[in-house]
Amino acid sequence: MEKALQTMIDNMPEKTGKSLDEWKSILKTKNFAKHGEAMKFLKGEHGVTHGFANTIIALSKEDNSTPDDLLDTQYKGKEGLKPIYEKLISIIDTFGNDIVKTPKKGSVSIIRKKQFALIKPATKTRIDLGLKLKDKSITDRLENSGPFGTMCTHRVRLSSENEVDNELIEWLKEAYQKAQ
């Protein structure tokens with residue numbers, strides 16, 4: 001599959017009149033909200049075939065952000081929450097050397113063999129910590145997963161570093177241990 005994609009990219013200038021980088025630049029200036037709009041533009045205004053148009057759009061959407069870029073974006077305007085995030089990460093790092101932290105656009109997945117936690121700056125004043133704690137009862141503090149859906153079983157809302165207490169650390173450890 002990768003070989004076919006590379007062949008398509010190599011043939012793009014000859015078949016479409018522009019290189020992939022040139023097409024990416026054009027699409028960046030248009031900033032289409034929907035895939036269909038970009039398809040219509042490439043096919044209708046530039047005569048690009050369906051297959052090439054689809055490939056150009058898909059490859060234009062690839063995010064080349066670094067993990068630090070993603071974190072900076074998550075906490076922009078929410079800088080007061082960063083110490084809570086850092087405290088959570090420093091505690092999680094003590095559990096073992098088999099943990100992978102994967103920053104995404106709006107959250108950071110914490111993974112052992114499976115994801116066991118998710119840290120999301122939900123508002124300017126609150127981090128939502130999602131946990132995978134199957135068969136754990138819901139309490140006032142250890143809530144239903146809410147906006148995390150099936151990615152997590154529970155959610156804890158955090159507004160200050162002080163809320164990262166022993167009870168929360170135990171829940172994190174339990175989620176980590178269950179993610180084997």
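Is Ser145 buried or exposed? In this predicted model, Ser145 is buried, because its relative accessible area is 8%, which falls under the 20% limit.

## Ser145 and its loop

Ser145 sits in the loop that runs between strand β5 and strand β6, the latter covering residues 154-158. When residues up to four places away in sequence are set aside, Ser145 touches Cys152, Thr153, His154 and Arg155. With Cys152 there is also a polar approach, in which a polar atom of the Ser145 side chain lies 3.5 Å from the backbone oxygen of Cys152.

## Glu143 in strand β5

Strand β5 consists of residues 143-144, and Glu143 belongs to it. Glu143 has a relative accessible area of 18%, and because this is under 20% the residue counts as buried.

Apart from neighbours within four places in sequence, the residues in contact with Glu143 are Ile138, Thr153, His154, Arg155 and Arg157. For Arg157 the link can be described further, since the side chains of Glu143 and Arg157 are joined by a polar contact of 3.0 Å.

## Asp135, ahead of strand β5

Asp135 is found in the loop between β4, which spans 127-131, and β5. With a relative accessible area of 80%, Asp135 is exposed, because the value is over 50%.

The backbone of Asp135 deserves attention as well, for its phi is positive, at about 70°, although the residue is not a glycine. Most residues other than glycine have a negative phi.

## Helices α3 and α4

Helix α3, made of residues 35-46, packs with helix α4, made of residues 50-60, at an angle of about 130°, and the two axes are 9 Å apart. Because of that angle, α3 is oblique to α4. The crossing of α3 and α4 is right-handed.

On the α3 side, the residues that take part are His35, Ala38, Met39, Leu42 and Lys43, and they meet His50, Ala53, Asn54, Ile56 and Ile57 of α4. Sorted by character, the residues of this contact between α3 and α4 comprise six nonpolar, three polar and one charged.

## Helices α2 and α4

Helix α4 also meets helix α2, which covers residues 20-30; here the axes come within 10 Å and cross at roughly 70°. The two helices, α2 and α4, are therefore roughly perpendicular to each other.

From α2, the residues Leu20, Trp23, Lys24 and Leu27 meet Ile56, Ile57, Leu59 and Ser60 in α4. The residues of the contact of α2 with α4 divide into six nonpolar, one polar and one charged. Ile56 and Ile57 of α4 are thus named in the contact with α3 and again in the contact with α2.

## Ala179, after helix α7

Ala179 lies in the segment that follows helix α7, whose residues are 166-178. Its relative accessibility is 3%, and Ala179 is counted as buried because that value is under 20%.

Leaving out residues up to four places away in sequence, Ala179 touches Arg112, Lys113, Lys114 and Phe116. Its position can also be set against that of Asn144: Ala179 and Asn144 are 35 residues apart in sequence, and their C-alpha atoms are 19 Å apart in space.

Terms used:
Residues numbered from 1 in each chain as written. Heavy atoms only, no water. Helix = DSSP H or I, 4+ residues; strand = E, 2+ residues; numbered from the N terminus. Buried < 20%, exposed > 50% of the residue type's maximum accessible area, 1.4 Å probe, protein only. Polar contact = N/O pair within 3.5 Å; in protein donor to acceptor, adjacent residues only side chain to side chain. Contact = heavy atoms within 4.5 Å. Axes fitted to C-alpha atoms, helices over the stretch in contact; angles between N-to-C directions. Parallel < 35°, antiparallel > 145°, perpendicular 65-115°, else oblique. Left-handed = near helix turned anticlockwise from the far one by under 90°. Nonpolar A, V, L, I, M, F, W, Y, C, P; charged D, E, K, R; others polar.
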